[in-house]
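Trainee: I have a model open and do not know where to start. Can you walk me through it?

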Amino acid sequence: MPIVFQKPKALTSAPLHYCPGCTHGIVHRLVAQALDDLDAQGRAVGVASVGCSVMCYDYFACDMVQAPHGRAQAVATGIKRARPENLVFTYQGDGDLAAIGTAETVHAATRGENITVIFINNAIYGMTGGQMAPTSLPGQITQTTPYGRDTNTAGYPVKVCELLSTLDGVAFAQRVAVDSVKNVNIAQKAIRKAFQNQVEGKGYSIVEVLSTCPTNWGLSPVESLQWLRENMMPYYPLGVYKDLAEGVKKGGAAQ
């Protein structure tokens with residue numbers, strides 16, 4: 001009987017440590033599938049962040065480097081400049097990329113570093129117990145905002161794709177979700193394109209993935225998917241925010 005579906009070769013057989021209902025596992029598969037499609041497993045180098053994804057070096061069957069908190073894109077920059085023939089990617093959560101790592105993110109992007117960034121946005125600090133993150137929504141209840149995020153004191157969430165799409169060095173920025181089969185398929189194409197851009201030397205590419213965190217949201221996996229659709233998607237609209245190859249810049253003139 002022919003095999004029609006199997007685990008990507010770029011994904012190990014190690015059991016995932018993520019909470020039930022967390023969508024990190026889906027994104028891991030999509031990244032591994034992109035590496036398989038490009039036959040890049042032997043030349044790929046992933047940079048793991050600090051956060052729930054800190055152990056992703058156990059899950060990707062390629063060379064992996066563990067970066068200090070927030071410094072994944074700085075580490076990726078060094079690897080790519082030293083070994084430009086390698087396919088270099090970071091895998092980061094919102095606390096790592098958009099809080100302690102904001103400077104590294106913005107400057108790697110504006111320099112147009114030829115790397116691929118996979119950004120998981122679950123609107124909360126997951127690993128450390130559910131504190132407010134830079135992406136937590138206005139009014140969202142977290143461990144450090146028990147009455148909801150007050151924008152008068154905590155400010156507004158950081159919209160990463162919108163922010164980075166204004167920078168000249170960014171070649172590709174797209175926000176996706178993995179809450180349905182349709183959206184998983186869209187996410188797969190976006191991640192594949194972000195890696196292909198690097199192969200073609202087009203510059204900095206980022207895919208932001210809206211993800212769930214049932215444990216820290218205090219919801220079941222099914223309820224979390226619905227909460228994401230009802231609350232996160234309206235505030236963080238899905239779509240391509242910048243694609244130099246297609247002349248697309250959302251909210252502005254074509255490039």
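Mentor: We will take confidence, then the sheet, then the rings, then a few single residues.

Trainee: What kind of model is this, and what pLDDT do local features need?

Mentor: This is a predicted model, where local features need pLDDT of at least 70, side-chain atom pairs count only at pLDDT 80 or more, and totals for chains, interfaces and linings use all residues. Residues are numbered from 1 along each chain as its sequence is written, and side-chain values use heavy atoms, with hydrogens and water left out.

Trainee: What is the mean pLDDT of the protein?

Mentor: The mean is 94, and 98% of the residues reach 70 or more; pLDDT is the predictor's confidence in each residue, from 0 to 100. Over residues 251–255 the pLDDT is below 50, and beyond near neighbours in sequence that stretch has four contacts in the model. Contact means heavy atoms within 4.5 Å.

Trainee: OK, the sheet. In what order do the strands come?

Mentor: Eight strands form an open sheet in the order 2-1-3-4-6-5-7-8, with mixed pairing. Two strands pair if DSSP finds at least two bridges between them. The numbering runs from the N terminus over DSSP runs: helices are H or I with at least four residues, strands are E with at least two.

Trainee: Which strands stand at the edges?

Mentor: Strand 2 (63–66) and strand 8 (248–249) do; each has a single partner strand, so one side of each has no neighbour in the sheet. Strand 8 is joined to strand 7 (residues 239–243) by two bridges, and the two run antiparallel. Aspartate 243 has valine 248 in strand 8 as its bridge partner.

Trainee: And strand 3, what does it pair with, and in which sense?

Mentor: Strand 1 and strand 3 pair in the parallel sense over five bridges, and five bridges also join strand 3 to strand 4, again parallel. As examples, valine 47 has threonine 90 in strand 3 as its bridge partner, and phenylalanine 89 has threonine 116 in strand 4.

Trainee: Is strand 3 buried or exposed?

Mentor: Strand 3 is mostly covered, with seven of its seven residues buried. Buried means under 20% relative accessible area, exposed over 50%, and partly exposed in between, using a 1.4 Å probe and protein chains only. In a regular strand the side chains alternate between the two faces of the sheet. Here Leu87, Phe89, Tyr91 and Gly93 are buried on one side, and Val88, Thr90 and Gln92 on the other.

Trainee: Which strands does helix 7 lie across?

Mentor: Helix 7 (residues 181–199) lies across strand 3 (87–93), strand 4 (116–121), strand 5 (170–177), strand 6 (204–210) and strand 7, running at about 160° to strand 5. For such angles, axes are lines fitted to C-alpha atoms, for helices over the stretch in contact, and angles run from 0 to 180 degrees between N-to-C directions.

Trainee: Changing topic. How many aromatic pairs are there?

Mentor: A search of the whole structure finds six. The rings of tryptophan 217 and tryptophan 227 have centres 4.6 Å apart and planes at 50°, so that pair is tilted. Rings of Phe, Tyr and Trp (its six-membered ring) pair if their centres lie within 6.5 Å; planes under 30 degrees apart count as stacked, over 60 as edge-to-face and the rest as tilted.

Trainee: Where do those two tryptophans sit?

Mentor: Tryptophan 217 is in helix 8 (residues 214–217) and tryptophan 227 in helix 9 (residues 221–235), 10 residues apart. Tryptophan 217 is buried at 13% relative accessibility, while tryptophan 227 is partly exposed at 22%.

Trainee: What about tyrosine 235 and tyrosine 236?

Mentor: Their ring centres are 5.3 Å apart and their planes at 75°, so the pair is edge-to-face. Tyrosine 235 is partly exposed at 22% relative accessibility, whereas tyrosine 236 is buried at 0%. The charged end of lysine 159 also sits over the ring of tyrosine 235, 4.3 Å from its centre. That label applies if NZ of Lys or CZ of Arg is within 6 Å of the ring centre and within 35 degrees of the ring normal.

Trainee: Which residues do ring pairs link into a cluster?

Mentor: Phe60, Phe89, Tyr91 and Phe195.

Trainee: Last one. Where is alanine 123, and is it buried or exposed?

Mentor: Alanine 123 is in the loop between strand 4 and helix 5 (151–154), and is buried with a relative accessible area of 0%. Its phi is positive, about 65°, although it is not a glycine. Most residues other than glycine have a negative phi.
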